Amino acid sequence: MKRVAVSGAAGFVASHLCDRLLAEGYSVLGLDNFLTGAERNIAHLRGNSSFEFRKQDVTVPFTVDGPVDFVIHAASPASPRDYLAYPIETLDVGSAGTRNMLELAEQKKAKFLVTSTSESYGDPTVHPQTETYWGNVNPVGPRSCYDESKRYAEALTMAFHRARGVKTSIARIFNTYGPRMKLNDGRVVPAFLDQALQNQPITIFGDGSQTRSFCYVSDLVDGLYKLMLSNEAMPVNLGNPVEMTILEFATVIIQMTGSKSTLIRQPLPEDDPKQRRPDIAKAGRVLNWQPVVSLEEGLGPTIEYFQGIIAAAK
């Protein structure tokens, strides 16, 4: 049985990835310090003999006994609310955390995968975004703690690949949604659902013409799994290329929840990207991957999940 070490295992995306790895017959060592991850995301894995969890801050040096075949570094605050609350921790996990996970992969002669982000492109001047685009990022803006931590993580990953021969892959993840997202993390899907399910006004930043592309978590996990098994070292976009405006998305949310919510507007946050849409031609070519879950199909279980969270809170 091959073994995978996963940092940030109690996070939204990584907990679903742990499920997929276990279903594929891997043994999983999950690492998380619960800064932004939630223990409930992996509670269902208690008692699974193939899953081992260690409460671990990967920004400090640590050791892992026994063989490891794959190392996946997915630890990082990922939502605006989280990385603005923990800017130094975000930079630490992108720098020291990436270094420690890469050294683990080097020591174990394991394949390494880092989960980077579409925020590497900043507020893009190229649309849709291809992996060859270098980005338009404000290095000292309020979002720079996240953007630059991921850009540095990519650079460090390539340095270990080129200088030390570590087998590596880089996933640039675009907007992803699904069950296990945090209700109050500031991202558009949980924010809109929280307001819609409670019939509160839905907050639109700016005029709502900014665009996003939403990928359901099972599609993303499928792409990450295929990238883990690939020999592709350069970055690969993983996301859904179906683009829509924030205003259009709010309308869909109201319709699918049957909400009585109205729309209110607030100023656009600083450095908020105006357009976001992945070019996934490379993922199709090197991974034979493309998303298959439509927005309506993915929103169904996502709405159900948040209904349960809201009901439990009440």
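In this predicted model, Phe70 has Lys111 of strand 5 as its bridge partner. Phe70 lies in strand 4, residues 70-73, which pairs with strand 5 in the parallel sense over 4 bridges. Strand 5 also pairs with strand 6, residues 168-173, again in the parallel sense, here over 6 bridges. In that second pairing, Thr115 has Ala171 of strand 6 as its bridge partner. Between strand 5 and strand 6 the chain passes through helix 4, residues 144-164, and the resulting β-α-β crossover is right-handed.

Strand 5 itself spans residues 111-117, and 7 of its 7 residues are buried. Its side chains can be sorted by direction: Lys111, Leu113, Thr115 and Thr117 point one way, while Phe112, Val114 and Ser116 point the other way. Both sets are buried, including the lysine at position 111.

The next step is the sheet to which these strands belong. Strands of a sheet pair through backbone hydrogen bonds, either parallel or antiparallel. Here 7 strands form an open sheet in the order 3-2-1-4-5-6-11, and the pairing is parallel. Strand 3, residues 51-55, and strand 11, residues 236-238, stand at the edges; each has a single partner strand, so one side of each is left without a neighbour in the sheet. From one strand to the next, the twist averages 20°. At the strand 3 edge, the partner is strand 2, residues 27-32, and the two pair in the parallel sense over 5 bridges. Within this pairing, Leu29 stands opposite Glu52 of strand 3.

Helices lie across the sheet. Helix 1, residues 12-23, lies across strands 1, 2, 3 and 4, and runs at about 175° to strand 1, residues 3-7. Helix 3, residues 87-108, lies across strands 1, 2, 4, 5 and 6, and runs at about 175° to strand 4.

The nonpolar packing falls into separate cores. The largest has 62 residues, of which Val6, Leu21, Ile72, Phe192, Leu224, Leu238 and Phe249 touch the most other members. A second, separate core of 23 residues includes Leu29, Ala75, Val114 and Val166. Val114 is thus a member of the second core, and in strand 5 it points the same way as Phe112 and Ser116. Around Phe192, leaving aside neighbours within four places in sequence, the contacts are Ile202, Thr203, Ile204, Ile246, Phe249, Ala250 and Ile253. Phe249 therefore appears twice: it is in contact with Phe192, and it is among the residues touching the most other members of the largest core.The cysteines can be treated briefly. A disulfide is a covalent bond between the sulfur atoms of two cysteines. With a cut-off of 2.5 Å between sulfur atoms, the count comes to 0 disulfides. Cys18 is in no disulfide, and the nearest cysteine sulfur, that of Cys215, is 18 Å away. Cys18 counts as buried because its relative accessibility is 0%, and Cys145 is buried with a relative accessible area of 6%.

A last point concerns Asp219, which is found in helix 6, residues 217-228. Asp219 counts as buried, at 4% relative accessibility. Leaving aside neighbours within four places in sequence, Asp219 is in contact with Trp289, Pro291, Val292 and Val293. The C-alpha atoms of Asp219 and Leu45 are separated by 21 Å, and the two residues are 174 residues apart along the chain.

Conventions
Residues numbered from 1 in each chain as written. Predicted model: local features only at pLDDT ≥ 70, side-chain atom pairs only at ≥ 80, totals over all residues. Heavy atoms only, no water. Buried < 20%, exposed > 50% of the residue type's maximum accessible area, 1.4 Å probe, protein only. Pairing = 2+ DSSP bridges. Right-handed = clockwise from strand over helix to strand, strands pointing away. Core = buried A, V, L, I, M, F, W, Y, C linked by side-chain atoms within 4.5 Å. Contact = heavy atoms within 4.5 Å. Axes fitted to C-alpha atoms, helices over the stretch in contact; angles between N-to-C directions.
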